[in-house]
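Hi,

Here is the structure I promised to pass on to you. Please open it next to this email, and my notes on what turned up follow below.

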Amino acid sequence: MPTGRSSSEPSTYLLTPYNSSSKYTACLATDYFPQNVNMTVTSGNKEQNQDKSKGLLSTIDFSYSLLGFLDELKDPNNVTCRVAGTVKQFPKTDQLVYSCINVEEKKGDPQYNLLSLTIFGLRILFVKSIVFNVLMTIRIWVS
């Protein structure tokens with residue numbers, strides 16, 4: 001047990017699924033001390049509890065982290081995460097929405113073309129330097 005560490009409240013985050021049709025969500029509590037934190041993730045009438053004994057200790061800053069999963073998302077518009085007596089509600093409008101960039105859409109973009117050409121040039125330069133080093137090494141061994 002670390003000594004001299006002051007107690008701190010957890011930071012709570014909701015980890016929503018990328019795919020909106022997924023039934024899973026998770027609640028993450030980080031950077032808290034001491035370990036006496038329990039977590040409850042609720043959606044509709046479905047509830048999942050995480051015990052404090054499952055908290056992971058960081059050896060860098062001696063803080064704990066706990067992750068709670070909800071395997072069946074009953075009400076995606078209202079997810080509640082209760083950590084250390086503090087209740088945080090995450091309505092769907094407050095949740096972050098992530099999207100992937102379609103590479104096919106970027107093909108005509110001049111910046112994308114320049115970036116692709118630059119990366120290709122760097123790869124060629126790298127391969128040439130490896131080949132040159134191998135040839136010079138073989139030449140030194142032979143002589």
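**The aromatic pair**

There is one aromatic pair in the structure, which is a predicted model. It is made by Phe33 and Tyr64: the ring centres are 6.1 Å apart and the planes meet at 20°, so the pair counts as stacked. As for where the two partners sit, Phe33 belongs to the loop between strand E2 (25-32) and E3, while Tyr64 belongs to strand E6 (residues 64-70). They are 31 residues apart, and the pair thus links distant parts of the chain.

Are these two residues buried or exposed? Phe33 has a relative accessible area of 8%, under the 20% cut-off, so Phe33 is buried. Tyr64 has a relative accessibility of 6% and is therefore buried too.

**The chain as a whole**

Stepping back, the chain has one helix and eight strands. In sequence order the pattern reads β-β-β-β-β-β-β-β-α. The chain has 143 residues, and 22% of them count as buried. About 10700 Å² of the chain is exposed, with 59% of that supplied by carbon and sulfur atoms. Among the contacts with a separation of 6 or more, 56% come from residues 24 or more positions apart.

**Sheet and hairpin**

Which strands make up the open sheet? There are four, in the order E1-E2-E6-E5, and their pairing is antiparallel. Strand E1 (11-15) and E5 are the edge strands, each pairing on one side only. Inside that order, E2 and E6 run antiparallel and are joined by six bridges. Tyr32 is found opposite Tyr64 of E6, so this stretch is worth viewing together with the stacked pair of Phe33 and Tyr64.

A hairpin is formed by E3 and E4, with two residues between them. Strand E3 (residues 39-43) and strand E4 (residues 46-50) run antiparallel and are joined by five bridges. One of the details to look at is Ser43, whose bridge partner in E4 is Lys46. In the turn, Gly44 has a positive phi of about 65°.

**The disulfide**

How many disulfides does a search of the whole structure find? The search finds one, formed by Cys27 and Cys81 with their sulfur atoms 1.7 Å apart. The S-S torsion is about -85°, so this disulfide is left-handed. Cys27 lies in strand E2 and Cys81 in strand E7 (residues 78-83). With their positions 54 residues apart in the numbering, this pair also links distant parts of the chain. Both Cys27 and Cys81 are buried.

**The nonpolar core**

The largest nonpolar core has 15 residues. The members that touch the most other members are Cys27, Tyr32, Met39, Val41 and Val83. E2, E3, E6 and E7 each contribute at least two residues to this core. Cys27 thus appears here as well as in the disulfide.

Tyr32 has a list of neighbours that you may want to select in your viewer. Leaving out residues up to four places away in sequence, Tyr32 touches Ser8, Glu9, Pro10, Val37, Gly55, Ser63, Tyr64, Ser65 and Leu66.

**A few single residues**

Thr80 is in strand E7. Its relative accessibility is 9%, and Thr80 is therefore counted as buried. Which residues does Thr80 touch, not counting residues up to four places away in sequence? They are Thr40, Val41, Thr42, Val87, Lys88 and Gln89.

Phe62 is one to check if you look at backbone torsions. Most residues other than glycine have a negative phi. Phe62 is not a glycine, yet its phi is positive, at about 55°. Phe62 sits in the loop between strand E5 (56-57) and E6. With a relative accessible area of 37%, Phe62 is partly exposed.

Finally, Leu73 is in the loop between E6 and E7. Its relative accessible area is 19%, and buried means under 20%, so Leu73 is buried. Leu73 and Glu47 are 26 residues apart along the chain, and their C-alpha atoms are separated by 9.6 Å.

Happy browsing, and best wishes

Key: Residues are numbered from 1 along each chain as its sequence is written. This is a predicted model: local features need pLDDT of at least 70, side-chain atom pairs count only at pLDDT 80 or more; totals for chains, interfaces and linings use all residues. Side-chain values use heavy atoms; hydrogens and water are left out. Two strands pair if DSSP finds at least two bridges between them. Rings of Phe, Tyr and Trp (its six-membered ring) pair if their centres lie within 6.5 Å; planes under 30 degrees apart count as stacked, over 60 as edge-to-face and the rest as tilted. Buried means under 20% relative accessible area, exposed over 50%, partly exposed in between (1.4 Å probe, protein chains only). Contact means heavy atoms within 4.5 Å. Accessible areas come from the Shrake-Rupley method with a 1.4 Å probe; for residues, only the protein chains shown count as cover. A disulfide is a pair of cysteine sulfur atoms within 2.5 Å. A nonpolar core is a set of buried Ala, Val, Leu, Ile, Met, Phe, Trp, Tyr and Cys residues joined through side-chain atoms within 4.5 Å.
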